[in-house]
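Hi,

Here is the model I promised to pass on. Have a look first, and my notes follow below.

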Amino acid sequence: DDIVVSAAASLTNAFTELGTQFQQQHPGTKVLNSFAASDVLVQQIIHGAPTDIFASADQKAMDKAVEAKVIDAASRKDFVRNEVVLIVPADNPLKIKSLADLKGASVKRVAFGNPATVPVGRYTQAGLEKTGNWDDVKKREVLGQNVRQVLDYVARGEVDAGFVFATDAAIMKGKVTVIETLPSPIPVLYPIALVQREKRNPQAADFLAYILSPQGQAVLAKYGFSKP
Amino acid sequence: MISMHIKRRLQAGAREFTLDIAIESAAPRIALFGPSGSGKTLTVQAIAGLLRPDSGYIQVNGVTLYSSEQGVFLAPQARHLAYLQQNYGLFPHLNVAQNIGFGLKKGWLNPRRNALPEAARRWIEAFELEAILGSYPAEISGGQKQRVALARALAVEPRMVLLDEPLAALDSTLRQKMRGELAALQARLNIPTILITHDPADVVALADHVYQIENGRIVANCSPQQLFPSGRAAPGITQDALKIA
Amino acid sequence: MISMHIKRRLQAGAREFTLDIAIESAAPRIALFGPSGSGKTLTVQAIAGLLRPDSGYIQVNGVTLYSSEQGVFLAPQARHLAYLQQNYGLFPHLNVAQNIGFGLKKGWLNPRRNALPEAARRWIEAFELEAILGSYPAEISGGQKQRVALARALAVEPRMVLLDEPLAALDSTLRQKMRGELAALQARLNIPTILITHDPADVVALADHVYQIENGRIVANCSPQQLFPSGRAAPGITQDALKIA
Amino acid sequence: MSSLTVPLLLSLKVAGWAAFFAAILGIAMAYGLSRWRSRWCDVVDSLLTLPMVLPPTVIGYYLLVLLGRRGWLGPFLEQFGIQLVFTWQGAVIAATVVAFPMVLKAARAAFEGVDHTLEDAARVLGIGAPGVFFRVTLPLALRGILAGVLLAFARALGEFGATLMIAGSIPGRTQTLSISIYEAVQAGNDDLANILVLVTSFTCIAVLWIASQLLPDNLRIKGSRDRS
Amino acid sequence: MSSLTVPLLLSLKVAGWAAFFAAILGIAMAYGLSRWRSRWCDVVDSLLTLPMVLPPTVIGYYLLVLLGRRGWLGPFLEQFGIQLVFTWQGAVIAATVVAFPMVLKAARAAFEGVDHTLEDAARVLGIGAPGVFFRVTLPLALRGILAGVLLAFARALGEFGATLMIAGSIPGRTQTLSISIYEAVQAGNDDLANILVLVTSFTCIAVLWIASQLLPDNLRIKGSRDRS
Ligand SMILES: Nc1ncnc2c1ncn2[C@@H]1O[C@H](COP(=O)(O)OP(=O)(O)OP(=O)(O)O)[C@@H](O)[C@H]1O
Ligand SMILES: Nc1ncnc2c1ncn2[C@@H]1O[C@H](COP(=O)(O)OP(=O)(O)OP(=O)(O)O)[C@@H](O)[C@H]1O
Ligand code: MOO
Ligand SMILES: [Mg+2]
Ligand SMILES: [Mg+2]
């Protein structure tokens, strides 16, 4: 039978591998992953998407789902930790060395996720507000609709700098350089939970357990996620 | 055979044309005669059901096709007429054979390219259309178009035939031949005809009664013999005769 | 005035038509006479530049319009001819005044709705078109269309006039009047004309030399007087005369 | 290989059905509008064009609200066992809604260009209204309509925002070629993206070319055939 | 209020220019294709339809590759001080590329439906090729072309994927109405989303309705005017 998983876009590579492994261990079972921005997933689940597991990139998205009573709140757990990092194009033409350099007159554009709609944007805004750089960055804002768009802009050198998850930056090692980690007042913790619905696949709980098991955590670690 | 009195006003920008036609005739074969723009085509279109009069009535062979009083307006489909349009109105996407067979095949599909119903064959021979059966309207000459349109109209064995200058684009040999065919058809089927033509010979051969239209009104009527005593009058004579009539 | 010999094969499905026309005439005014589908319209279209021959040449008044040997093919625009199409070819989006003024206004824009060039006025009066100047082609009668098309063609003062059944849709009074206008035009401007008609009276009034076409070929030529000694012959006589010629 | 053929076939299935439904809907409405002599015609026409004007994601969101399990129509459909969210049928609906204005506009222009005197001729020959439509009006308008339907097909093939919203992105089930391309680009997997783009382009050219050959030769004529 | 009027005006500006360029390009190419008697016609036509088939985001991605700061054309344009990425001009380009196939297809069908004998008549009357085009062919094809241009305008107004990619989403500078709606929906800000959707719908209906009134009455005639 099929287990349907709705997972945040930043989990794409890790969850694809987790699904494959789980299928090998449980022949006859299929894991179907549907990736999108966390907020999109929430909307789909609220409106009755036949999904069994929801993995979100931040608590706010999961909270919305819980509020709408579509989540088995008891099964909710934080399963990985991530970090938000400042990145620049690999050749770093503006010689940016720290957050403070973003104030420079030569820095024209800085990309980050839209705080209204993207978890990584929310983390970024909170972090920058704490370090006192928010107003400087805001003046140079280019909003991405998800992490990968921000990453793409930086990799192509269209923007001078950007904020993404550390796991995303790791995908394009040759094209972007990580300058520093943004201290985050909210911990960057990804929650996961079973979706509340009548015909939920009984094996969904097994898959959830597998993700939380040492085997699953090893896969996640491979893609740069650390333990919660 | 036909009894009608209709009124209709047409507006084209500032210009206005009023049609007010009364015809009452027991003659089965009528000709409409009159100058360009006098309303001949509009009259025939009203009979065919393509022009809706403002008021009045039209009766053919006792059947009421239109009556503003009784609130009757038969759809063109229900009138069972044949109408040869002045511009032929051939279907550009169908070949000559399909055009001729169009009215003979009911339903939702056009006749197939090489299917030729028996009823059509007679007209194809009579009008010498064999050679061009597979051609499309864009590939045939003016006279050929006119003959195809005529064959298409006659093939459905209509209750009444409306002919708007049916032979105008034909050379004299063909014209004589087709005039003969039409006359024979009228005799054989005893089919009422309304004919618009500018050729006195057509009137003599194909009509028993002539109505003259001017400026949207019937101004005179008489027999063809009164109009063209010789039956082969030259155009000048024709006109004079009509003026007297 | 005209010297031509052209060949052209046309294919329509399985049917094939071969045009092979040679005309050599010093007469300024020529009539083409022949049965429906014999190639009259195609011949005139070749002269107008709308049909490209496979080989041969066309010279009018010493000007080479087409020559396969010299590789000359003058564009229709450069031939300065007037051509009255058998189906009139009126522009549906322009009113009668704009249609008539069309060729008189060069450039990229159409004449305005109520602008009427002086050169057009003469024809509007001659052809009695005053009343319908503001109407669109869909709003006028068959004979009115024919007159508008004729006025449009003549207004540009062409080098040569090609007329494909110019008076077929007209009643006899109007036909006589317009025939007179055309004859006067020919006399005044000494303008060469090629005329397609089925009416002997047209031939006598408007042509000096008659060519008979059959099945794509010129089969005979003679003077109108030889064809119609009375000048007002009935159709039957016409045909016999032509057969003798 | 199946990572290519599966989404390709899915895309063709979805776009094909969407083009089909769009054609039926669009032609019917266009015919109605072209006959309806009223001042409101053009207003209704503009209203029906709205699905083109709204961002596809938003269309998808409204469809979710309408057809979802808690939507207006969803519970009703569920009684009949019809589930649209997260299924390929949902993708067909999304693509149909987005693509049908193209058929509508093209078909309306085509119907209004048909010479009424030819329809009159058919009527006088005794052919009833459906016969006149199928034998005269439709063939004479076919060129224009076909152009619209091909546009609709192309649009449906490229549809992505609305589809992602209502059908999700489940590999093998609802992940169309468009979504695969999107995800490949997002994942920085440029080679795969290029291959997928080539496949889409080639398929689309082939389909459009074949369809344009469907128009019978005799429907291409207008006025005399080119004689020079 | 300005959170509404600024994106609205921007959207109208972008869609207006895009429809204009799409019209010029589409009409010119359609005319060329309709005259060019060759087997390759339909292939070229399908090729030119490709921008519709690819997901808009992917179009945006390729435009970025082409026009970006480090793209193929970008550095060349930059010498002239032309910068397209993250500007509204970039949005116009994205919308034009996505919308112009609609004009192309509609205009081609319309041109091929023009009665050639009328063009012949104009030629014999001594009117040169441009005159024939502007005075006969174009007016007779105008109904179909206008339908295509209106579609293109609507599509440009709704364009979002490609625009987002190349123009970014810079509030007040490149954040079009479509993008605003998307963000409102994603953020779960339903009230704002509904207001924005209403504004877009109303604007669009108004623009389309006005445009459809532009077609002069005498271009609506075909065959005889309705007499019954
Ligand atoms: N749709 C229309 N709107 C306004 N006026 C029209 C319309 N159709 C025709 N007319 C006018 O009505 C009058 C009669 O037209 P009709 O076609 O009946 O003439 P006709 O007698 O057949 O002439 P012809 O011998 O030239 O064909 C003409 O003056 C014409 O201009
Ligand atoms: N595009 C075409 N393709 C093939 N055959 C054609 C084409 N156009 C005309 N023909 C054929 O060529 C022949 C001559 O046509 P044309 O139009 O010159 O005749 P016409 O002498 O003017 O006849 P009419 O007096 O009937 O107008 C006809 O048999 C016609 O069917
Ligand atoms: O929900 Mo994401 O992983 O921040 O795009
Ligand atoms: Mg008439
Ligand atoms: Mg002819």
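When I say contact, I mean heavy atoms within 4.5 Å. Bear in mind too that this is a predicted model.

On that footing, 8 pairs of chains are in contact, and the pair sharing the most contacts is D and E. Chain A touches neither B nor C: the nearest C-alpha atoms of chains A and B are 44 Å apart, and for chains A and C the closest C-alpha atoms lie 46 Å apart.

You'll probably want to go to ligand 3. What surrounds it? The shell is made up of A:Ala8, A:Ala9, A:Ser10, A:Ala37, A:Ser38, A:Ala57, A:Val118, A:Pro119, A:Val120, A:Asn146, A:Val147 and A:Phe165. Sorted by class, that gives 9 nonpolar residues, 3 polar ones and no charged ones.

Two of the serines there are worth a click. The side chain of A:Ser10 has an N or O atom 2.6 Å from an oxygen atom of ligand 3, and for the side chain of A:Ser38 the distance to a ligand 3 oxygen is 2.6 Å. A:Ala9 comes in through its backbone, with a polar atom 3.5 Å from an oxygen of the ligand.

Then there's the packing. The largest nonpolar core holds 180 residues, and the members touching the most others are A:Phe15, A:Phe79, A:Leu102, A:Phe163 and A:Phe207. I followed A:Phe15 a bit further: leaving out neighbours within four places in sequence, its contacts include A:Phe79, along with A:Val5, A:Ala7, A:Asn33, A:Phe35, A:Ala55, A:Ile192, A:Ile211 and A:Leu220.

Cheers

Methods
Residues are numbered from 1 along each chain as its sequence is written. Chains are lettered from A and ligands numbered from 1 in the order in which they are written. This is a predicted model: local features need pLDDT of at least 70, side-chain atom pairs count only at pLDDT 80 or more; totals for chains, interfaces and linings use all residues. Side-chain values use heavy atoms; hydrogens and water are left out. A nonpolar core is a set of buried Ala, Val, Leu, Ile, Met, Phe, Trp, Tyr and Cys residues joined through side-chain atoms within 4.5 Å. Buried means under 20% relative accessible area, exposed over 50%, partly exposed in between (1.4 Å probe, protein chains only). A residue is near a molecule or strand if one of its heavy atoms lies within 4 Å of it. A polar contact is a pair of N or O atoms within 3.5 Å; within protein, one must be able to donate a hydrogen and the other to accept it, and residues adjacent in sequence count only if both atoms are side-chain atoms. Ala, Val, Leu, Ile, Met, Phe, Trp, Tyr, Cys and Pro count as nonpolar, Asp, Glu, Lys and Arg as charged, and the others, Gly among them, as polar.
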